[in-house]
Amino acid sequence: MALKFLNTLSRSVEEFVPLDPSSNAVKMYCCGPTVYDFGHIGNFRTFVFADLVRRYLQFRGYAVTHVMNITDVEDKIIRRVRETGLGLREYVSQFENAFLEDLKTLGCVLPHHLPRATEFIPEMIQMIDALMKRGIAYQAADGSVYFSIEKYQGCGCRYGQLVNLNFDQMRAGERVASDEYSKDALADFALWKARVPDDGDVFWASPWGEGRPGWHIECSAMSMKLLGPSFDLHLGGEDLAFPHHEDEIAQSEGATGKPFVKYWLHGAHLLVEGKKMSKSLGNFFTLRDLTGKGYGGREIRYLLISAHYRETFNFTLEGLEGARTAIGRLDECLAKLREIAGATKAPADKKLIHDFTTALDEDFNVASAWGTVFEWVREMNRLIAASGNYIPNPAANPADGVFASNRLDAEKAASALAAWEQLDSVLGLGRKGEAEAPPEIQALLEERQAARKAKDFKRSDAVRDELKVKGWLIEDTAKGPRLKQA
Ligand SMILES: [Zn+2]
């Protein structure tokens with residue numbers, strides 16, 4: 001059995017073989033957030049998928065190095081910094097911290113490296129310099145440095161590896177300065193943007209004058225600095241394939257002359273309530289909007305990884321209710337298994353692990369993997385129900401011996417649990433009650449404590465009821481109050 005998935009670069013399903021087949025090391029990079037606001041669930045679909053891929057590679061025995069960048073300088077950020085009058089770091093750090101908290105809420109394992117773009121400016125300058133020396137980049141009259149697609153192609157390199165581009169529509173000498181542009185605007189893109197008054201204090205010195213890096217060069221410089229000029233796997237949302245990822249390939253291969261990435265994985269879009277997410281339609285949700293409605297990280301994570309990553313997924317509040325029911329069934333079954341297993345330890349049930357692995361080996365088919373999990377839950381529940389309190393006595397009744405083999409004894413329960421632990425190292429649901437309460441729920445708990453202290457019991461009861469509606473119970477313990485998921 002081998003892991004296979006669709007490599008966007010070759011547009012075909014390929015067996016995964018690390019760049020260095022003699023080692024089990026895998027280097028992967030996922031484009032991280034642009035920290036200009038709170039992350040929405042469309043963003044988190046990609047990050048949870050990256051977490052699943054990393055966890056699954058580890059489950060398959062690979063030693064993964066996982067890098068996710070933090071884009072902390074870019075067009076949208078500069079605009080917000082200008083509007084708010086805050087300093088760059090001051091502005092972005094609130095959203096950077098929120099992003100890391102959100103990853104935790106969703107049960108994601110933190111990437112090994114979370115490089116900030118602003119801390120890799122010398123590496124970016126070095127790369128642009130290499131592109132200048134190879135004649136692939138040029139400084140335009142506006143002082144900015146651009147990547148020349150024509151010169152790049154002239155070196156025998158291919159622009160348009162991830163997407164098919166129509167070069168007939170390309171007009172000679174056309175340039176684009178903004179970080180995001182459409183496929184129709186196929187043009188030379190900015191590597192280094194000359195300082196303009198709107199940039200305020202956000203600028204660095206460079207051989208081409210004061211300015212700031214373009215967004216695309218950031219990922220190339222950070223990924224290659226931390227993972228080397230060629231690495232195994234690059235992930236991102238499909239909306240980043242062009243121009244961002246295409247430009248990453250062009251800059252990197254243009255600068256080093258080496259193949260940049262062996263496998264590319266792109267996750268599909270997310271619809272919310274059947275439509276593209278938009279603030280005007282009222283279907284735009286940050287993760288915090290959802291936890292504020294009382295949904296937990298486990299439920300949201302489950303829903304985000306319930307469908308195949310290449311399918312456009314329709315995220316709905318009804319789906320979250322369904323996730324709550326599904327996780328409830330799973331938790332209930334696990335609780336019973338723990339009760340039956342007691343302190344007994346046993347080797348993991350091989351069949352469950354085999355079926356789960358077979359599902360995920362096929363292009364990370366997580367929908368099929370969940371199918372395996374819930375089939376197993378049904379089977380376990382059937383065995384638990386059949387066992388009841390009946391104690392077989394084969395000595396008195398030989399038929400009881402046959403019956404006993406169908407019973408779920410402590411050893412079988414322990415074996416099932418050991419297998420589940422391995423599955424959950426990939427699925428990342430953790431145990432019920434383990435999930436930490438999100439900040440707004442914590443804030444309600446603090447409000448309740450303050451009300452109690454002020455002897456405003458009407459208010460404290462009202463907050464307790466509000467928490468209950470949001471799915472959290474307060475447990476008063478000797479160490480003070482504790483939140484528990486209902
Ligand atoms: Zn990127």
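Is His244 buried or exposed? His244 is buried, with a relative accessible area of 1%. Here are some notes on this predicted model, beginning with the zinc site to which that histidine belongs.

1. **Who holds the zinc.** The zinc ion has four protein donors: Cys31 through SG, Cys219 through SG, His244 through NE2 and Glu248 through OE. These donors lie 2.1 to 2.7 Å from the metal. If you like to scan a sequence for such sites, the spacing to look at here is C-x187-C-x24-H-x3-E.

2. **Geometry of the site.** The angles among the 4 donor atoms run from 76 to 131°, and the site is classed as irregular. The reason is a cut-off: four donors count as tetrahedral only if all angles lie between 85 and 135 degrees, and the lower end of the range here is 76°. For orientation, the ideal angle for four tetrahedral donors is 109.5 degrees.

3. **What the zinc donors connect.** Cys31 sits in the loop between β3 (25-30) and α1 (41-59), while His244 belongs to helix α7 (residues 241-256). The two are 213 residues apart in sequence, so the pair ties together distant parts of the chain. Cys31 also counts as buried, at 4% relative accessibility.

4. **The four-stranded sheet.** Strand β3, just before the Cys31 loop, takes part in an open sheet of 4 strands ordered β4-β3-β10-β11, with parallel pairing. At its edges are β4 (63-68) and β11 (261-267), each of which pairs on one side only. On average, neighbouring strands of this sheet are turned by 20° against each other, direction ignored.

5. **Strand pairs within that sheet.** β3 and β4 are joined in the parallel sense over 6 bridges, and Tyr29 has Val67 in β4 as its bridge partner. Strand β10 (residues 231-237) pairs with β11, also in the parallel sense and over 6 bridges. There, His234 stands opposite Trp264 in β11. A handy rule when you look along these strands: in a regular strand the side chains alternate between the two faces of the sheet.

6. **Helices around the sheet.** Which hand does the unit made by β3, α1 and β4 have? This β-α-β unit is right-handed. Helix α6 (residues 215-227) lies across β3, β4 and β10, and runs at about 160° to β3.

7. **Tyr56 in helix α1.** Tyr56 lies in helix α1 and is buried, with a relative accessible area of 0%. Leaving aside neighbours within four places in sequence, Tyr56 is in contact with Leu3, Thr357, Leu360, Asp361, Phe364 and Val426. Of these, Leu360 is worth picking out on your screen: Tyr56 and Leu360 are 304 residues apart in sequence, yet 8.1 Å apart in space, C-alpha to C-alpha.

8. **The three-stranded sheet.** Another open sheet has 3 strands in the order β13-β12-β14, with mixed pairing. β13 (275-276) and β14 (313-315) stand at its edges, each with a single partner strand, so one side of each is left without a neighbour in the sheet. Strand β12 (residues 270-272) is joined to β13 by 2 bridges, and the two run antiparallel. Within this pair, Val272 stands opposite Lys275 in β13.

9. **A helix shared by two descriptions.** Helix α1 appears once more here: besides its place in the unit with β3 and β4, α1 lies across β12 and β14, running at about 145° to β12.

Methods. Residues are numbered from 1 along each chain as its sequence is written. This is a predicted model: local features need pLDDT of at least 70, side-chain atom pairs count only at pLDDT 80 or more; totals for chains, interfaces and linings use all residues. Side-chain values use heavy atoms; hydrogens and water are left out. Donors are N, O and S atoms within 2.8 Å of the metal (3.2 Å for Na, K and Ca); water is not among the atoms, so sites may look incomplete. Four donors count as tetrahedral if all angles lie between 85 and 135 degrees; four count as square planar and six as octahedral if opposite donors are over 155 degrees apart and all others between 65 and 115; anything else is irregular. Buried means under 20% relative accessible area, exposed over 50%, partly exposed in between (1.4 Å probe, protein chains only). Two strands pair if DSSP finds at least two bridges between them. Axes are lines fitted to C-alpha atoms, for helices over the stretch in contact, and angles run from 0 to 180 degrees between N-to-C directions. Contact means heavy atoms within 4.5 Å. A crossover is right-handed if, with the strands pointing away from the viewer, the path from the first strand over the helix to the second runs clockwise.
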